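Here's a quick tour for anyone meeting this structure for the first time. Have a look at the sequence and the model, then read on.

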Amino acid sequence: MKPKKKTRFYDYLEVQPKSMYQPLLDQELVKNEADLEEIIHNLIQLGQDLRIPVAATGDVHYLNPEDAIY
C-alpha cells in the first residue's frame, strides 16, 4: 500500500521536535539528521496534499511530576 493511501486512514498526522527522534538516529534506523529533516518535511507535505491536519507536539503526557500517577 502506498504512503498516500495508508495516510488516508488517519484523522491527523503528528510531528515532534527533532530531538524526540534521536533514538531512530542512534539505532541507525534513520541515517542522519538531514534524512530526518526530509522525513519530517515529507510528513508535513503529505498532510497538506491530503488536507489532513498536521500537529506539532512535544510528546508531553503531563505537566507536573505528581500527575504521572494518573
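How does E37 count at 40% relative accessibility: buried, partly exposed or exposed? E37 counts as partly exposed, because its value of 40% falls between the 20% that marks the limit for buried and the 50% beyond which a residue is exposed. Keep in mind that this is a predicted model. A good place to begin is helix α3, which runs over residues 33-50, and E37 lies in that helix.

**Helix α3**

- Helix α3 has 18 residues, and at 1.5 Å a residue they should span 26 Å. Its end C-alpha atoms are indeed 26 Å apart, so the expected and the computed span agree.
- The helix has a buried set made up of L36, I40, L46, G47 and L50. These residues cover an arc of only 120° around the axis, which means they sit on the same side of α3.
- Here's the general background: with 3.6 residues a turn in an α-helix, residues three or four places apart point the same way.
- What do the buried residues of α3 pack against? Their partners are α1, β1 (13-15), α2 (22-26) and β2 (54-56).
- Flip to the face turned away from that buried side and you'll find the exposed residues A34 and Q48.

**Salt bridges**

- How many salt bridges does a search of the whole structure find? It finds three.
- As a general point, side chains of opposite charge can pair when their charged atoms come close.
- One of the bridges joins the side chains of K4 and D49, at 4.0 Å from N to O. K4 belongs to helix α1 and D49 to helix α3, so this pair ties together parts that are 45 residues apart in sequence.
- Both partners are partly exposed: K4 has a relative accessible area of 41%, and D49 has 42%.
- K18 meets E33 in another salt bridge, this one at 2.7 Å from N to O. Since E33 is in helix α3 and K18 is in the loop between β1 and α2, the pair ties together parts 15 residues apart in sequence.
- K18 also meets E37, with 2.6 Å from N to O. That pair ties together parts 19 residues apart in sequence, because E37 lies in helix α3 and K18 in the loop between β1 and α2.
- Put those together and you get a network of salt bridges linking K18, E33 and E37. K18 is partly exposed at 33% relative accessible area, and E33 is partly exposed too, at 42%.

**Helix α1 and the start of the chain**

- Is T7, in helix α1, buried or exposed? With a relative accessible area of 7%, T7 is buried.
- Leaving aside neighbours within four places in sequence, T7 is in contact with L13, L46, L50 and I52. Two of these, L46 and L50, are also among the buried residues of α3.
- M1 comes in the segment before α1 (3-7). At 62% relative accessibility, M1 counts as exposed.
- M1 also joins F9 and Y10 in making a nonpolar surface patch of about 430 Å².

**Two loop residues with positive phi**

- In general, most residues other than glycine have a negative phi.
- E28 isn't a glycine, yet it has a positive phi of about 60°. You'll find E28 in the loop between α2 and α3, where it counts as exposed at 68% relative accessibility.
- R51 isn't a glycine either, and its phi is positive at about 55°. R51 is in the loop between α3 and β2, and it counts as exposed at 78% relative accessibility.

**A distance to look up**

- Where is Q22? Q22 is in helix α2, and it is partly exposed, with a relative accessible area of 36%.
- The C-alpha atom of Q22 is separated by 23 Å from that of P65, a residue 43 places away along the chain.

Note on methods:
Residues numbered from 1 in each chain as written. Predicted model: local features only at pLDDT ≥ 70, side-chain atom pairs only at ≥ 80, totals over all residues. Heavy atoms only, no water. Patch = residues over 30% accessible without salt bridge, like charges linked within 9 Å, V, L, I, M, F, W, Y side chains within 5 Å. Areas by Shrake-Rupley, 256 points an atom, 1.4 Å probe, with all protein chains shown as cover. Helix = DSSP H or I, 4+ residues; strand = E, 2+ residues; numbered from the N terminus. Buried < 20%, exposed > 50% of the residue type's maximum accessible area, 1.4 Å probe, protein only. Expected span 1.5 Å × (residues − 1). Arc of directions from axis to C-beta. Contact = heavy atoms within 4.5 Å.
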